[in-house]
Amino acid sequence: MLLIMSCQAVLGQSQETKIIVLNDNGEPFKSVIVESVENKNESGITDKDGVAILNLSLNTFIRLSFSDMQKLVKVKSQTINVKLGLSNKKVNLGFGMSKSTEEITSAIDVVYFDKLEKSSLNNPSESLYGQLSGLMVLQNTGEPWSRNATINVRGRGTLGNNAPLVMVDGFERELASLALLDIESVSVLKDGTALARFGQRGANGVLLITTKKGEYDSFKVEVSYDQGWNFPLREPEFLNSFDYANAVNQASVLDGNAPVYSNQDLIGFQSGENPSLFPNVNWFDETFRDFGTTTNMNVSFTGGGSSVKYFASLNYQNERGLFDNTTLDDRYDSQLKYDRLNFRTNLDIDLTNTTKFIVNVSGYIDGRTEPGSRDIIDALYSIPSAAFPVRTPSGEWGGTEFYGNNPVALVSSTGIRQPNGRQIAANGQIIQDLNGFVKGLSAEIALGYDNEVNYFENRLRGFLYESLSFTRDPSTGDINDTTSTIFGNETDLGFNNSFGNQLRHTTLYGKLNYDKSFKESELNTSVMFHQDKRVRDGQYNTFLRQNIMATASYAYKNRYFIDGVLSYAGSSVLPNGDKFGLFPAISAAWVLNREKFLKENKTINYLKLRASWGMSGNDIMAPNLDEQAFANGGGYLFTDNNGSLGGIRENRLATQGLTYENSIKTNVGIDMELLGSLSLKVDAFYDQRKNILVNTDGAIPSLIGVATPIENTGEVINRGIETALRWKEDIGGFKYFIGGNFMFAKNEIIEMNEEFQPFDYLRQTGNSIGQQFGLQSLGFFKDQEDINNSPQQLFSVVRPGDIKYKDQNNDGVIDNFDVVAIGYADSTPEMYYSFDFGFEMRGLGVNLLFQGIANKTVFLNTKSVFIPLRGNTTITDFSENSWTPETANTATLPRLSLLENENNYRKNDIWLARADYLKLRRFEVYYNFPQNLASKLKMKNAKIYGRGMNVFSIDSIKETDPEATGVGYPSLASYHLGVKFEF
C-alpha cells in the first residue's frame, strides 16, 4: 500500500504545463526549444504564438534555447511566461567558445547593440563610456580620424604597455576598424581564468567584439540616417590686445625692466582706430567657424533560408571640421574632411547536417583632407591678439619676422594633405560535428587574413606675409613713418605622392571539442592550437605568436560549476629557448538559489558566488632587446685630405633572461537578482604583475660607459573592487530603468630598479604608477627681505611675487631634493563610475548616461593658457589673479613674467590640479512609431530620435576639457537628429 501511494504521489507531480515565450519587444517567440533539465525526453518547440506544452513537475527546471540564446527557468505553476532576449545570449569567451551567463565562473561583463547604438559617435570606442563594469574608457581629442578612446581594463597594472587585446569575431583587429551598427555585442574579460586562454596576450585584459549575424527563414532591411552638429566643448579665452599689452607691461615691470608698450600704444589698442598697426584679433574666432557637421548613413540586410544565414551592411560616414576660410584658393578646400565607407558580409552556411561553414568579409575605404600646415593649433595657442592683423591693407597676410605663423593663412594658403586608407579583413571557419565517430566530439578550423595600407597625396604651397612697423615722433608721440617688410615665399601648389605603411596579418587556429552529458552533470572540453602573424613594412616589424590551449568545464546539478584552463603560449620577440610560458587557471561558481534552503525564497531570484585564480602574460615590448645594440659612432679623419668615415659604437647592453610580464590574478565575485527587477554584481580583484621591463640606470653605475640594459625586474600590484547595479521594471506599459557602474582600482609600484634617493619621500617605489611629484608652495615672496630670510631657491633668479617653496629636508636650499608626492597619478584615475536612467511609454522614451572619474591629478602646463607669455606667447583670463604688489594678499598665481622663470613654471601644487569630472556622455529622446502606423507606411518598425554626446562637464578646470588640457584640436559636444526604419 505504501509503494502504491508513493507511486501515485510521484505520478501526481507531473502536470501539463504551458510555456509562453516572448522576445524583448513582447512579441511571441517562435521556434524556441524547450526541454526539461531533469527529464531529457520531455521537450518541445514553441509555435507561432510562442507556446510550448510539456508535462513537468513543480520546482523542476526547464531550459529554453534559440540560436545562441539560453535560459534556465524554474517551474512554479502550470502556466509560465518567459522573456527570452539579448540578456540571455551566450557570452563570448573567445576562440569560438561561449557560455550562458548562468554557467560562467569568470569575471565577464557584456553590452549589446541596443545600448551601444544609443550613441551617434562614429568611432565605436566612444560608445563604450561607462557601459561595462571594469572597463575604463577615457576620451581623447583630435581630428575625426584619430579620436580613439584610451581603454584600460581594471585600471593600470604595469609600468609598460597597458593596452588590452581586442578580438573581433575571434581575430585580433582594431575596434576603430568597425562600423558601430555592425556590432552585436562587446564583452570584457577581466579575471585570471578568462584571460589565461590568451597566454602571453591576456594580462592587460581582453575585449571581445561579436558582429551581427543573420537569422534562418527571415528577411529584414534596416535603413538609418543620422545628421550631427559638432561644437567646441570649451575654448580658452585669450585676452584682447589692450589687456594683453597691459599684461605684457605688468610682466616686464615685475621682471625689473621698462614697459614694452607706451601709453600711446595702449590707447591705439583700446580705440581700435588703426587695426593695421594696433590689431585686436581673436584668432580662434578668425580660424574656426561656429560648428562642424557629421553624417552617418547605414543600410543592412539580415535574413536567411533553411540552411543559410546572412548579414550584410553598407555604412557611410563623414565629418566636416571646424576650420573657416578654407576655400579662399578656388583650387582646393582645406577644411578638415573625413569620409569613410564600411562594408561587411557575414555568412553562416550549413553545408550538411553536420558541417557548418562561416565566412566573414569586411573592410573600409577612407579618405581625409587637412590643411597643408600642421602648425595651426600650435599657432592658435601662441599668437597674441596684438601681434598683427589677419591681412594688411595691401591684402597680404599679416605676420612679423618673429611670428610667421598666421593661423588663418596656415589654414587657407598652405595647400592640402590627403591621406587615404584601405583595409580588407576576411576569415573563414569550418565547424564539423563528429558525433558519427564519437558522441559529443566536434572540430573547428579557422583562417583569417587582413591587409591594410595607407598612401598620401599632397598638394602644398607657401605664402607671403607682410609685417608693418612704425616710428613715433619723439616730441609728440605721433606715428610719422610706417615700414612694410615682406617675408615668406609665394610658391604654387606642388604635388607629391607617398606610400604609407602596410599591414599583413594572418591568423590560423584549430580546435577539438568534446561535450558529455551525464544524469546530473555536464562536461565540456576543448583543445586548441592558435597562431598569429603580423607583418608591417620596415625592419624588425614581423611578429609571430603561438598558443596551445586546453580547457575543461564541469557542471553538476546546474548549481556547481568549475572551469580549468592550461595555456602554453610563445612569442617571436623573446629569445630562443625562452619564447614560451605556461599559464594555468581555475575558477568555480555556486548558484545558491537552487539549493533547497533558498528554493522557496521569493526575494532572491538568482544568487551566484564566483572565485577564480589564473596566470596570463604581456609580451608587448620592443624587438631585439636580448641582442647587443649598436649606434652610429664618431667619425675618423684619415689620409692627407683629412677624409672622414663614420663608425659604430656600443649602445644599450643586451637583456639577459628576457621574458614576458607575468600576471597572477585573483578574483571573487557575487551575482544577484532580487525582487524580479534588481540585478547586482560585485567583484574584488588582486593582480600581481611580475617581470615588468624596467631600466637599470638606478641599479648599475654610469661608470660602465654604455647604456645599461633593460631587465625584467619590475613588479606592480593592482587591487580594487567593482560593482554594477540596475533596477528595471515595466508598470502597465511604463518602462523605466536606473543603474550604474563603479570601479576603484589602485596600483602600487613594488619594484622598478629606482636609483638611490637620499630621502624616502623622493621615491616613486611604493607609489602609484604616474604619481605626480612637485614642490610644496608656501605662498609668494612679499619683498626682497622675505627672499633674503627664506631658503635659497636655485632654479632661477627670484623676485617678489615668485613662488616660495617649503624646504622639505631643512638644508636651507630649495632644489630637486625638496620634491614630494602631490595628489594622485596623472594618467589613470583610481575611480571610474557611471550611472544611467531612462523611461519609455507609448513609444516615447528618454535616456541619459553620465560618466565620471575621481582621484586623478594633471599638470596645468599648457602654454598661454596656464603658463602665459613664456616665449613671447599670449595669455588667457586664467591669469587674472596673478600676483602684483596691489593684490599680494589675495593672489592665487605667481607674478607674470616675460622670462623663462624656471622657479615658477615647474611642477608644484599651484599647477597640479584635480582632473575629476562628471560628464553627460549621452542623452537620447526618441519616439517609436506604433505598429499600426508603421505598417501603414509599409514598415515593420520606425524610430526618430534626437541625441547629444559629451554635452557638458562638471569639473574644477574651467579653461579646458579636463580630459584634454594640452594644445590640440578642440573637444567636441555633438547633437544629432536621426531616423531608423525597418522593413
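This tour visits two open sheets and then a hairpin with its neighbouring strand, in a predicted model.

**First stop: the four-strand sheet**

Begin by displaying strands β3, β2, β5 and β6, which form an open sheet in that order, with antiparallel pairing. Colour β3 (43-45) and β6 (69-74) separately: these strands stand at the edges, and because each has a single partner strand, one side of each is left without a neighbour in the sheet. Looking across the sheet, neighbouring strands are turned by 20 degrees against each other on average, with direction ignored.

Next, select residues 61-66, which make up strand β5; six bridges join β5 to β6 in the antiparallel sense. To find the register of this pair, pick L64 in the viewer, whose bridge partner in β6 is K71.

**Second stop: the three-strand sheet**

Now show β4, β1 and β7. These strands form an open sheet in the order β4-β1-β7, and the pairing is mixed. The edges are occupied by β4 (51-57) and β7 (79-83); each has a single partner strand, so one side of each lacks a neighbour in the sheet. In this sheet the average turn between neighbouring strands, direction ignored, is 30 degrees.

Select residues 14-22 for strand β1, which pairs with β4 in the antiparallel sense over seven bridges. Within this pair, K18 can serve as a landmark: its bridge partner in β4 is I53.

**Third stop: strand β48 and its partners**

Move to residues 844-854, strand β48. Is this strand largely enclosed or not, and why? Eight of its 11 residues are buried, so β48 is largely enclosed by the rest of the structure. Buried here means under 20% relative accessible area.

Add residues 831-841, strand β47. The strands β47 and β48 run antiparallel and are joined by 11 bridges. Picking Y832 leads across to its bridge partner in β48, I853. Then centre the view on the turn: β47 and β48 form a hairpin with two residues between them, and R842 in this turn has a positive phi of about 50 degrees.

Finally, select residues 917-928, strand β51, which pairs with β48 in the antiparallel sense over 10 bridges. Here L848 is a convenient residue to label, with F923 as its bridge partner in β51. With β47, β48 and β51 displayed together, the view contains both antiparallel pairings of β48 described at this stop, one with β47 and one with β51.

Note on methods: Residues numbered from 1 in each chain as written. Predicted model: local features only at pLDDT ≥ 70, side-chain atom pairs only at ≥ 80, totals over all residues. Heavy atoms only, no water. Buried < 20%, exposed > 50% of the residue type's maximum accessible area, 1.4 Å probe, protein only. Pairing = 2+ DSSP bridges. Axes fitted to C-alpha atoms, helices over the stretch in contact; angles between N-to-C directions.
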